[in-house]
Amino acid sequence: MNYDLIVIGSGPGGYVAAIRASQLGLKTAIVEKESLGGVCLNWGCIPTKALIKSAEVFEYINHAAEYGIKVGSSEIDFEAMIKRSRGVADGMSKGVQFLMRKNKIDVVMGTGKLKSKGTVTVTNASGETQDITAKHIILATGGRSRELPNLKQDGNKVIGYRQAMVLPKKPESMIVVGSGAIGIEFAYVYNAIGTKVTVVEFLDNIVPLEDEEVSKQLSRILKKQGINIMTSSNVESVDSSGDICKVQVKTATGVETLEAEIVLSAVGISTNLEGLGLEENGVQTDRGKVVVDDFYKTNVEGVYAIGDIVKGQALAHVASAEGIICVEKIAGQSPHPLDYNNIPGCTYCSPEVASVGYTEKAAKAAGYEIKVGKFPFSASGKASAAGAKDGFVKLIFDAKYGEFLGAHMIGHNVTEMLAEVVTARKLEATGHEIIKSVHPHPTMSEAIMEAAADAYGEVIHL
């Protein structure tokens, strides 16, 4: 079983790399220990969005009267909601299976480990092993829910994102520790279906990677929805010995004891590097990440790494882009290195959050003199018609040359608007070019044009 390329891990980095390799004529195998599609398709991006959609539909029904529609009483069928989410994930995983067959990629089920140069040992569920060989090996093993010493997960009352997607019943109360995308999305879902939710964030703002104005606006909206938000707070300990978890939270004013049925740890991810044979084969790592060059080559000839286990944002679309660049370089093409400052980030709560590039604070820290434009959805005809006036679009430009430095959005469906900005920045569009690009009316995306116009004193609808 000799190949041109072996990929260990079939998440959005691994399976995309394998498909691109096959397109480029490389005989390819992919090694997967669990389910094709990895965490994203099976336990992350896709099933969480299915849960979010169920929560949104429930909210639509409960607010139907605001749209002139009378409906009867509604209630959550939590088991059916979870079942639908799992069905969506299963369907996507089967789709990856189809893509593997279509592209003539061999799938080897089991746990892969670097044995020696060009050789991977695969151990299946029965403990049987086999060696497969290739000139090139890509490591794409992804990550898992990170555990803190004072927040050990038991999989029952103190859980990670996996258990949060398959709970046997809807909890009456939940404490979410961490307010990044994972934490906020689960907080939104469970609050929407009737769980009493508290979010505990160590830093001063929720979604701390976002622009501060977006963070503060989202905090106000989530509080209005009924979510208790505690920033500048730290979980010191969790006592899960009783029926209810007792959580000691240190705040700026002292220590508080919170109680909840479930504590969800959403404090980031840990990389899956254990058991890969990295040390035995001399593959260099640094602080839990594999060290790679701009084209994902490690210090060991023929070994590459992509996705969550290397530098850069731990996002599915980043892993996919890295996989394509890596494989194209292996195949002798001349891809450009990935621009990590033009990576879109999305949080799928309601309203959604979407951003790319510099925040206002980061742009100033980088030495730019900036122009900032902002357009609220309260002034958008489409947003008003949709009953979704919360939020805004904020754009940041370099005052000297007009460089498009960043975009920050909060509002209905803004994650679907972000690709325009990413493309514009990729093509080095200026603020004036955005203003002069005719946007369709009425759409939410008009707010991008209006925000650009606001930055240059040309806004029409404010």
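A residue is buried here when its relative accessible area is under 20%. In this predicted model, both faces of strand S23 are covered by that criterion. This briefing covers the strands around S23, the aromatic contacts, the enclosed and open spaces, and a separate parallel sheet. A search of the whole structure finds four aromatic pairs, and the count of cavities of 30 Å³ or more comes to one.

**Strand S23 and its burial**

- Strand S23 spans residues 392–398, and seven of its seven residues are buried, so S23 is largely enclosed by the rest of the structure.
- In a regular strand, side chains alternate between the two faces of the sheet.
- On one side of S23 lie Phe392, Lys394, Ile396 and Asp398, all buried.
- The other side of S23 holds Val393, Leu395 and Phe397, which are buried as well.
- The buried set in S23 includes Lys394 and Asp398, and both of these residue types count as charged.

**Strand pairing around S23 and S24**

- S22 (370–376) is joined to S23 by seven bridges, and the two run antiparallel.
- Within that pairing, Gly373 has Leu395 of S23 as its bridge partner.
- S23 also pairs with S24 in the antiparallel sense, over six bridges.
- Two of the positions in register are Phe397 opposite Phe404 and Val393 opposite Met409.
- S23 and S24 make a hairpin with five residues between them.
- Gly402, in the turn of this hairpin, has a positive phi of about 80°.
- S24 covers residues 404–411 and is mostly covered, with eight of its eight residues buried.
- S21 (residues 352–357) runs antiparallel to S24 and is joined to it by six bridges.
- In this pairing, Gly357 is matched with Gly406 of S24.

**Aromatic and charge-over-ring contacts**

- One aromatic cluster is made of Phe397, Phe404 and Tyr456; Phe397 and Phe404 also stand opposite each other in the S23 and S24 pairing.
- The search for aromatic pairs gives four in the whole structure.
- The ring centres of Tyr358 and Tyr368 are 5.5 Å apart and their planes are at 70°, so this pair is edge-to-face; the cut-off for that class is over 60 degrees.
- Tyr358 lies in the loop between S21 and helix H9 (360–365), and Tyr368 in the loop between H9 and S22, so the pair ties together parts that are 10 residues apart in sequence.
- Tyr358 is partly exposed, at 21% relative accessibility.
- Tyr368 also counts as partly exposed, with a relative accessible area of 25%.
- The charged end of Arg86 sits over the ring of Trp43, 4.0 Å from the ring centre.
- Lys329 lies over the face of Phe295, with 4.4 Å to the ring centre.

**The second largest pocket**

- The volume of the second largest pocket is about 960 Å³.
- Its lining consists of 30 residues, and those nearest the centre are Glu59, Tyr60, Ser350, Pro351 and His412.
- By residue type, the lining of this pocket divides into 11 nonpolar, eight polar and 11 charged.
- Helices H3 (45–62), H6 (181–192) and H7 (212–225) each supply at least two lining residues of the second largest pocket.
- H3 gives the largest share of that lining, seven residues.

**The largest cavity**

- The largest cavity has a volume of about 40 Å³.
- Thr48, Leu51, Ile52, Glu185, Phe186 and Val189 line this cavity.
- The elements that give two or more residues to the lining of the largest cavity are H3 and H6.
- Both H3 and H6 also supply residues to the lining of the second largest pocket.
- The cavity lining divides into four nonpolar residues, one polar and one charged.

**The parallel sheet**

- An open sheet of five strands has parallel pairing and the order S8-S15-S9-S10-S11.
- Its edge strands are S8 (158–159) and S11 (228–230), each of which pairs on one side only.
- S10 (residues 196–200) runs parallel to S11, and three bridges join them.
- Val200 has Met230 of S11 as its bridge partner.

Notes. Residues numbered from 1 in each chain as written. Heavy atoms only, no water. Buried < 20%, exposed > 50% of the residue type's maximum accessible area, 1.4 Å probe, protein only. Helix = DSSP H or I, 4+ residues; strand = E, 2+ residues; numbered from the N terminus. Pairing = 2+ DSSP bridges. 1 Å grid on protein atoms, 1.4 Å probe; cavity = no way out; pocket = protein on both sides within 12 Å on 5 of 7 lines; lining within 4 Å. Points joined across faces, edges and corners; volume = space filled by probe spheres on them. Phe/Tyr/Trp six-rings, centres within 6.5 Å; stacked < 30°, edge-to-face > 60°. Lys NZ or Arg CZ within 6 Å of the ring centre and 35° of its normal.
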